[in-house]
Each structure stands twice: as structure tokens, then as C-alpha cells.
Amino acid sequence: MVNLFSVGTRLEELKLLENYTSVTVKKLLDSNNRISFQGYFNSVETLKNYFLNVAEKETPAIILNSSGGTEDLINIIVSECKLPVLILADNKRNSFASSLESYAYLKDNYPVKIGYCETIDEKIITAEIFCDVINTINKINKSRFGLIGKPSDWLLTSKGINGFGEFDTSLVNIDIKKLIDEVEVVSEENTSGIINNWKSTYKNILVDDKSLIESAKAYLALKNIIKEFQLDFLSVRCFDLLAYNFTACMGISLCNDDGITSGCEGDIPATFTMIIAQQLSGNPVWMANPSSINKERNEVVFAHCTVPSSFLDNPSESELTTHMESGKSTALRGPLKKSQVTILRIGSKFDKIVAVSGQIKDSNMKEEHLCRTQAVIKIDGDVEKWIEQSLGNHQVICYGDLLPALKYFCDFIGVELIKI
């Protein structure tokens, strides 16, 4: 939970503070069940007494700052809580002035941010972003990342990685043969429900039943491994599976739909970026290759052979075809929403993220020599600058503008955010 404090100047009675902020407090609580209200404070002594008696001091917090003269109160809350704190300031009664003074004093030693909001609705949105960031940090730091097989040989940025920098995520190494063996023991009978669902969902199925069966087996095998090793996320060295005439394309797609963030080719930084984006946005995201650029239009063509079905604009207009490079097994091809997106990637040292916003202009072009799901994205920055700052091949694409939440996340976790 995130604790909420309402603070005001000692020059006014506590009842006035309550009258002034109670509507905002109620709306914050009604809109977000992750927030727990701790009370109204205008006295240093009362606030110190609160922290002397509270069971758990070190918690993330939101400070609703209603006036000037609250610097000492903010200082006590931030220094006692120690975990990320958001100061909600507005344009009335010197709220922003005292918030800025407090922030300037505290920011070098504590994870604290200012959210400047002129309306209650803005405060609700800012508090929601803050809570999403806190949940993301907690989830990532308590999670188990399963690497099934080593990173693919061509992924230079994944070489030699055995941890995640300052993140507390556990890396669980699993031999690729474990997945192959699990596929072999999955019963064909157990795949019927999955295959029937595919046949009722997708407009065209361009592969035979054997391909569907093996792809469904791969998904069920991944689920068995997730359960056995208690994994929260995973990435698969999937090209090794081609020797056995199946791929993990559909298995990875379904895992992402299930909320188990899953990446391709054993790409550790790209999959870790997927985790960040999926946790911050609350929705499945897409890992893809940048395949070509148009410098004049600042456009990039992205493509990959796996995508969460929930990321598609219309699954009924999508189809199941083969994996592009091999012509084997099953892969998903379909249209994406013509929507705002954020493109991002963390570096191999897990200390910086490059991100840019953009707009999907076209998709499902069905270019023969590209991976199956395809999209043209016009980025808001300079495409050549984006290339120069790039941290690797596979990029992560999520719907919407993730940059405000990503800024909070990077500031609190100590990662440099490079916005193009």
C-alpha cells in the first residue's frame, strides 16, 4: 500500500486543513484502492508522534500539500518513509513554493518527486502513475526471470549477463533441453482445447494440424516449466527448437496473454524491458525487430513472428502462418491498432533506457521477407538520433504514452532515461 498524508500550515487550525482537502482525499481513495489515508497533519509534534507509534514506517507515500509553511512536515515524512515519496502540489496558497523548497533539500538523499497538478483529476492521474511505478518496482525486485537456453549467439548485447544491475531480480538458468523434453511428454489430447480456440478465433489458418499441435504442446510445456521453477517472466532460445520442427512463437504469445511476460531468442535486456513496460502499462507489449527506416518521414518498420493476441487490433482478422526464417511451425500475423505507442529498450548494464513516443501508421503489410506481424511507426523524435542512441536490436513497443510513468520509474530506481 501507499500511505497518503494531508499536510498544511500550522498557522491554520487542523479543521481548516481537513475542510480544504477532504474532497481531494476522498476522490483519491475512491479512485485507487492501493492508497491508505493516514490523516491530516499541521503540527511537527503530532507527525513525529505518528511515526513513533506507527507499526511500519518505511513505506511509499503521497503527500497532499495544501499550503506554504509545510517544509518541516514534508521533511519528516520523506526522511521517515525512506521509500519513494510523491509530493502533490498545486497553484494555490503557496503549495508549490513549499513543495519545491522541500524537494530541493531532499532530492539528493531520498527518492522524492513533485507532481504539480492544478485540478483534482490531475492529482488522481498522477497518484495512479505513482502507484503503478511503485508496484512495478516491487514486482521486478521480487521476481524470478527464467532464461530457457542461453541467449542466441547473434545477440551480442546479451553476452555475459548474469544479473540485472541494481535490480534484485533473480536469474534462473534452465537448459533448453528441459523445454524439448517437456514438449515430448505433453499429451496431444491436452492440446485440443487450445487448438479449437485458435480455429474459432483466427480468420485464416495456413498451417496443418501437426504444426498447431506442436505449438500448443510448446505452450503447455512452458506453463509446466513456469510452475516447476516458480517463474514470473521468461525468455527462450527459440531457434534451437527448429531442429525438432516446432517453435515457441505461439507459446510465447499465449504466455504474454496470460500475464507471464515472455521474450524471444534469450534476449535478456529486451525481455527485461518488456517486463518494465508491461508492469507500468498493465497491458501486454510487443518485442520486435526494427527492419527498415525512412529518414525523411522518421518512420521505422518493425516486425516479429510472435505477438500477444491481445496486442492485435482484431484477432478475427489475423491469421496463423509459419515462422518466417524457417517456414516451419506456427506464427501469428495480424493488424495492430493505429494508436500512439512508446518504443523503449534498457541497456545491457541495466543502467539506462532509451525511449521515444510514436504513432502506428500502418500494419499487417504482409511483406514476404519480414517477420510475420509488421507495423510502420512514425516516431516523434529524429530517427537518426534514435539509431545513434540505440541500446540493441529488439525494441519493445507498448500502446499509449509510457514516458511520464517511465520518468518516475527511472528516477526512483536510479536508471538514466534518454528520451529521443
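In the predicted model, the charged end of Lys-337 is placed over the ring of Tyr-399, 4.9 Å from the ring centre. A second arrangement of this kind involves Arg-93, which lies over the face of Tyr-20 at 4.3 Å from the centre of the ring.

Aromatic contacts were examined next. A pair of aromatic rings is described by two quantities, the distance of the centres and the angle of the planes. The structure contains 19 aromatic pairs. One of them joins Phe-96 and Tyr-116 in an edge-to-face arrangement, with 5.1 Å from centre to centre and 70° between the planes. Phe-96 belongs to helix α4 (residues 95-106) and Tyr-116 to strand β5 (residues 112-116), so this pair ties together parts of the chain that are 20 residues apart in sequence. Phe-96 has a relative accessible area of 33% and is therefore classed as partly exposed, since the class of buried residues ends at 20% and that of exposed residues begins over 50%. Tyr-116, with a relative accessible area of 40%, is likewise partly exposed.

Phe-311 and Tyr-399 form a stacked pair, in which the centres are 4.2 Å apart and the planes make an angle of 20°. This pair links distant parts of the chain, 88 residues apart: Phe-311 is in the loop between β12 (299-304) and β13 (319-321), whereas Tyr-399 is in strand β18 (residues 395-399). Phe-311 has a relative accessible area of 1%, and because buried means under 20%, this residue counts as buried. The ring of Tyr-399 thus takes part in the stacked pair with Phe-311 and also lies beneath the charged end of Lys-337. Elsewhere, one aromatic cluster is made up of Phe-145, Phe-164, Phe-167, Phe-272, Phe-350 and Phe-409.

Polar contacts of a side chain with the backbone were found at Asn-294, a residue of strand β11 (residues 286-294). The Asn-294 side chain reaches the backbone nitrogen of Glu-296 at 3.1 Å and that of Arg-297 at 3.0 Å. When residues up to four places away in sequence are not counted, Asn-294 touches Glu-299 and Val-383.

Internal space was also assessed. The model holds 3 cavities of 30 Å³ or more, and the largest cavity encloses about 130 Å³. It is lined by 16 residues, of which Cys-238, Phe-239, Cys-249, Cys-305 and His-323 are the closest to the centre of the cavity.

Technical notes. Residues are numbered from 1 along each chain as its sequence is written. This is a predicted model: local features need pLDDT of at least 70, side-chain atom pairs count only at pLDDT 80 or more; totals for chains, interfaces and linings use all residues. Side-chain values use heavy atoms; hydrogens and water are left out. Helices (H or I, at least four residues) and strands (E, at least two) are DSSP runs, numbered from the N terminus. A polar contact is a pair of N or O atoms within 3.5 Å; within protein, one must be able to donate a hydrogen and the other to accept it, and residues adjacent in sequence count only if both atoms are side-chain atoms. Contact means heavy atoms within 4.5 Å. Rings of Phe, Tyr and Trp (its six-membered ring) pair if their centres lie within 6.5 Å; planes under 30 degrees apart count as stacked, over 60 as edge-to-face and the rest as tilted. Buried means under 20% relative accessible area, exposed over 50%, partly exposed in between (1.4 Å probe, protein chains only). A charge sits over a ring if NZ of Lys or CZ of Arg is within 6 Å of the ring centre and within 35 degrees of the ring normal. On a 1 Å grid over the protein atoms alone, a cavity is a set of points where a 1.4 Å probe fits but cannot get out, and a pocket is an open set with protein on both sides within 12 Å along at least five of seven lines; lining residues have an atom within 4 Å of a point. Grid points are joined across faces, edges and corners, and a volume is the space filled by probe spheres set on the points.
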